[in-house]
Amino acid sequence: MIQRSNVNQCARVISDILNPLVLPVLVFGVAGMSISGSTSQMLLLTGVSAVFFLIIPLSMALIMRQSNKFQTLDFKGRTSRNWLYLSSVLSVLAGYLIFEEIFVGAPEVLMLIYLFNLIIAFLLNLKWKISVHTGSMVTAIILLGWIQWMAQNTFIPGMVSAVLLLMLPFVIWSRLHLKVHSRFEVILGGMVSLISTLMLLGGLV
């Protein structure tokens, strides 16, 4: 019983740390540091992305959890995710429109890819439930690899991308172990993000 509890706790920690709301903030922070080489740009991109990718959607998730009396922030029902997706789309869109002047060049590409991926996930969720944890990991790995390709005098984006790639199987395991997703939903989330991110990156760059 104790061992099973420890395994469940480990799965929960992995799932919570490598959360879809957190990973975009990491990507923008690394982008700001690696591309511009400016601490102020890194802090600005990290702060703005934290507000619109993390704080606002997380606040909505907490409100939904309270009103629906969920035990965790995992919304296992497909339809229960609709408002969370929609609030994330609107939050990121508002962030892009309000702070358009700082999202230029590579940060603009990142912002648009995340926005379109959120819209795609929202539309897919109307029919199928997919793993956003897996999708967000795949997107972050690809985007950090792209940042590394553009960056000069730093290997940080590539190293972070490699770490996330190594952690991807653990994220997949955690979502299956916690019984939030099926194998099909995990695979679908990863494949959709892989295809959409690569296509958007090719079209925007």
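Helices here are DSSP runs of at least four residues, numbered from the N terminus. With that in hand, here are the views of this predicted model.

**View 1. The whole protein chain is built from helices, with zero strands.**
Walk along the sequence and the pattern reads α-α-α-α-α-α-α-α, which comes to eight helices. The C-alpha atoms fill a box of roughly 50 × 35 × 30 Å along the principal axes. For 205 residues, a compact globule would have a radius of gyration near 17 Å, and the protein chain agrees because its own value is 17 Å. Take contacts between residues at least 6 apart in sequence: 77% of them join residues at least 24 apart.

**View 2. The surface of the protein chain, and what sits under it.**
About 10600 Å² of the protein chain is exposed, and carbon and sulfur atoms supply 71% of that area. As for the inside, 48% of the 205 residues count as buried. Looking at charge, there are 12 positive and 6 negative side chains. The centres of those two sets lie 20 Å apart.

**View 3. Helix 6, residues 132–150.**
At 1.5 Å a residue, the 19 residues of this helix should span 27 Å; the end C-alpha atoms are 27 Å apart, so the expected and modelled spans agree. Of those 19 residues, 15 are buried, so helix 6 is largely enclosed by the rest of the structure.

**View 4. Serine 136, a residue of helix 6.**
Zoom in on the helix and you'll find serine 136. Its relative accessible area is 7%, and the cut-off for buried is under 20%, so serine 136 counts as buried. Which residues does serine 136 touch, not counting those up to four places away in sequence? They are Pro20, Leu23, Pro24 and Ser193.

**View 5. Glycine 95 in helix 4.**
Now move over to helix 4, which covers residues 82–98 and holds glycine 95. Glycine 95 is buried, with a relative accessible area of 0%. Leave aside the neighbours within four places in sequence, and glycine 95 is in contact with Phe52, Phe103 and Met111. To get your bearings along the chain, pick out leucine 110, 15 residues away from glycine 95 in sequence. The C-alpha atoms of glycine 95 and leucine 110 are separated by 13 Å.

Notes:
Residues numbered from 1 in each chain as written. Predicted model: local features only at pLDDT ≥ 70, side-chain atom pairs only at ≥ 80, totals over all residues. Heavy atoms only, no water. Helix = DSSP H or I, 4+ residues; strand = E, 2+ residues; numbered from the N terminus. Rg over C-alpha atoms; globule rule 2.2 N^0.38 Å. Buried < 20%, exposed > 50% of the residue type's maximum accessible area, 1.4 Å probe, protein only. Contact = heavy atoms within 4.5 Å. Areas by Shrake-Rupley, 256 points an atom, 1.4 Å probe, with all protein chains shown as cover. Lys, Arg positive; Asp, Glu negative; His and termini not counted. Charge placed at Lys NZ, Arg CZ, Asp CG, Glu CD. Expected span 1.5 Å × (residues − 1).
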